[in-house]
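Morning, everyone. Please have the sequence and the structure open while I talk. I'll start inside and then work outward.

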Amino acid sequence: MKEKVLINIVTLENGIDYDVILTIEDGNKNYIVLSNVSDHNDIAIRRILEKDDKEYLEKLDSEEEFEKIINLFYERIGKEDNKWKIKV
């Protein structure tokens with residue numbers, strides 16, 4: 001597992017801007033963890049897809065995928081800091 005911290009803003013499909021907290025590489029898939037710029041307790045997770053040299057964000061496919069990535073996120077930041085409203 002390889003992780004990198006980025007500073008960036010992404011607008012999701014709901015029109016809300018999110019700060020990029022970090023990316024998580026898990027096997028051959030990459031994920032991004034985002035924090036709402038207006039409410040830092042509001043966290044979203046998306047899978048990063050690369051197609052034609054462009055990156056796209058997509059919602060996670062299953063509860064199992066979500067659980068796996070959220071557990072990797074908690075390992076990174078410490079589970080005791082679990083104060084966010086996480087969105088799939």
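Let's begin with the core. Keep in mind that this is a predicted model. The largest nonpolar core has 13 residues. Find Ile24, Val33, Ile45, Ile69, Ile70 and Phe73: these have the most contacts inside it.

Which elements give two or more residues to this core? They are strand 3 (17-26), strand 4 (29-36), strand 5 and helix 1 (63-77). Helix 1 provides the largest share, six residues.

There is another core, and it lies apart from that one. This other core has eight residues. Among them are Leu12, Tyr18, Leu34 and Ala44.

Now to the surface. Look for four acidic residues: Glu50, Asp52, Asp53 and Glu55. Together they form a negative surface patch.

Take Asp52 from that patch. Where does Asp52 lie? In the loop between strand 5 (42-51) and strand 6 (54-58). Is Asp52 buried or exposed? Its relative accessible area is 66%. The cut-off for exposed is over 50%, so Asp52 counts as exposed.

Next, strand 6 itself. Tyr56 is found there. Its relative accessible area is 41%. Buried would need under 20%, and exposed over 50%. Tyr56 falls in between, so we call it partly exposed.

One last pair: Tyr56 and Arg46. In sequence, they are ten residues apart. In space, C-alpha to C-alpha, the distance is 9.4 Å.

To recap the inside: 13 residues in the largest nonpolar core, and eight in the other one. On the outside, remember the negative patch with Asp52 in it. That's my part done.

Definitions and conventions
Residues are numbered from 1 along each chain as its sequence is written. This is a predicted model: local features need pLDDT of at least 70, side-chain atom pairs count only at pLDDT 80 or more; totals for chains, interfaces and linings use all residues. Side-chain values use heavy atoms; hydrogens and water are left out. Patches are made of residues with over 30% relative accessible area and no salt bridge: like charges are joined within 9 Å, nonpolar side chains (Val, Leu, Ile, Met, Phe, Trp, Tyr) within 5 Å. Accessible areas come from the Shrake-Rupley method with a 1.4 Å probe; for residues, only the protein chains shown count as cover. A salt bridge is a side-chain nitrogen of Lys or Arg within 4 Å of a carboxyl oxygen of Asp or Glu. Lys and Arg count as positive and Asp and Glu as negative; His and the chain ends are not counted. The place of a charge is taken as NZ of Lys, CZ of Arg, CG of Asp or CD of Glu. Helices (H or I, at least four residues) and strands (E, at least two) are DSSP runs, numbered from the N terminus. Buried means under 20% relative accessible area, exposed over 50%, partly exposed in between (1.4 Å probe, protein chains only). A nonpolar core is a set of buried Ala, Val, Leu, Ile, Met, Phe, Trp, Tyr and Cys residues joined through side-chain atoms within 4.5 Å.
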